[in-house]
Amino acid sequence: MTRSALVTGGSRGIGLAIARELAAAGDNVAVTHRSGEPPEGLLGVSCDITDTAQVDAAFKRVEDEQGPVEVLVANAGITKDQLLALMSEDDFSSVLDTNLTGTFRVAKRAVKGMMRNRTGRIVLISSAVGMLGSAGQANYAASKAGLVGFGRSLARELGSRNITVNVVAPGFIDTDMTAELSEDRQAEIIKNVPLGRYGSTGEIAKTVRFLASPDAGYITGAVIPVDGGLGMGH
Ligand code: NDP
């Protein structure tokens, strides 16, 4: 069964690993990218998810090239870390606009076709931080916690159309995003992870592949932590 899949922010990091994993499982996979070259072997569509017109154009391109999106992985996300007292309103709203409203934009566009076809898989990439909180990341944590309420509401709205909606909450994964942290901060983080290491992008990708597969047909509205035990199931 070859499906049409779209991974936002699939040009690098976790999104690229998810895209490659879905492609290896036999799906036709498109990834959004904002700049640079799209990854080899995947359909690259240029799209900034903060812009509704760009989201619509990206979906049209994917529909033309590989059919209506049957698997959506909303992965694109950013951080703009700052303590609340020093955080500008733009630091807050731009993170919400990308991580939460951006996910709203792509999910809304994707469900049109999924509802018509009465099938679909949506996976939202949240973060352990959404449940645990994180000093200096109030904007990011709020956006990632928001995805849980958003995803569970969609699971309720769309269940009767055979569309599942699940949330994956990664812990600390080895990517550009975490490479920005200082060595001291990285060591402190690892101390709190029972498995004592960072996760790999492949470990997130394999979980997403499962949730997107027919084997996960009775799972919806779930939040799946992939965090080395950091959140102890939350
Ligand atoms: P990276 O910073 O490596 O990659 C982020 C991706 O999102 C890039 O492909 C980037 O595109 C894309 N992106 C950012 N803003 C936009 C936008 N406005 N429109 C379209 N695409 C955009 O991040 P990771 O791979 O580490 O993270 C991926 C997801 O996983 C994020 O949602 C992140 O919050 C989440 N996560 C990551 C964790 C980690 O430890 N790394 C832990 C928990 C969650 P471009 O290349 O064009 O910049």
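Start at Arg12, which sits in the loop between β1 (4–7) and α1. This is a predicted model. Arg12 is partly exposed, with 16 other C-beta atoms within 10 Å. A residue would need 20 or more to be buried.

Step from that loop into helix α1, residues 13–24. Its 12 residues should span 16 Å at 1.5 Å a residue. The end C-alpha atoms of α1 are 17 Å apart, which agrees. How many residues of α1 are buried? The count is 10 of the 12, so the helix is largely enclosed by the rest of the structure. The buried residues are Gly13, Ile14, Gly15, Leu16, Ala17, Ile18, Ala19, Arg20, Glu21 and Leu22. Just after α1 comes Gly26, with a positive phi of about 110°.

Now turn to the ligand. It is surrounded by 30 residues. The closest are Gly9, Gly13, Arg34, Gly77 and Thr175. Helix α1 is one of the elements that give two or more residues to this shell; the others are β2 (28–33), α3 (89–117) and α6 (176–179). By class, the shell holds 10 nonpolar, 16 polar and 4 charged residues.

The UniProt record, an unreviewed entry, also marks a "binding site". Its positions are Gly9, Gly10, Ser11, Arg12, Asn75, Tyr140, Ala141, Ala142, Ser143, Lys144 and Ile173. They span 165 residues in sequence, and the farthest two C-alpha atoms are 24.7 Å apart, so they do not all gather at one spot.

Tyr140 is one of these annotated positions. Tyr140 lies in helix α5, residues 138–158. Is Tyr140 buried or exposed? It is buried, with 24 other C-beta atoms within 10 Å. Leaving aside neighbours within four places in sequence, Tyr140 is in contact with Thr79, Val95 and Val129.

Finally, look at helix α2, residues 52–66. Its 15 residues reach 21 Å from first C-alpha to last, close to the 21 Å expected at 1.5 Å a residue. Within α2, Val55, Ala58, Phe59 and Val62 are buried. Seen down the helix axis, these buried residues fall within an arc of 100°, so they line one face of α2. They pack against β1, β2, β3 (43–46) and α3. On the other side of α2, Ala53, Lys60 and Asp64 are exposed. Gly67 follows the helix, and its phi is positive, near 95°.

Note on methods. Residues are numbered from 1 along each chain as its sequence is written. This is a predicted model: local features need pLDDT of at least 70, side-chain atom pairs count only at pLDDT 80 or more; totals for chains, interfaces and linings use all residues. Helices (H or I, at least four residues) and strands (E, at least two) are DSSP runs, numbered from the N terminus. The expected span of a helix is 1.5 Å times one less than its number of residues. UniProt positions are given in the numbering used here, feature names are shortened, and annotations may be inferred rather than shown by experiment. Two residues are in contact if their C-beta atoms, placed from the backbone, lie within 7 Å. A residue is near a molecule or strand if its C-beta atom, placed from the backbone, lies within 6 Å of it. Ala, Val, Leu, Ile, Met, Phe, Trp, Tyr, Cys and Pro count as nonpolar, Asp, Glu, Lys and Arg as charged, and the others, Gly among them, as polar. The arc is that of the directions from the helix axis to the C-beta atoms.
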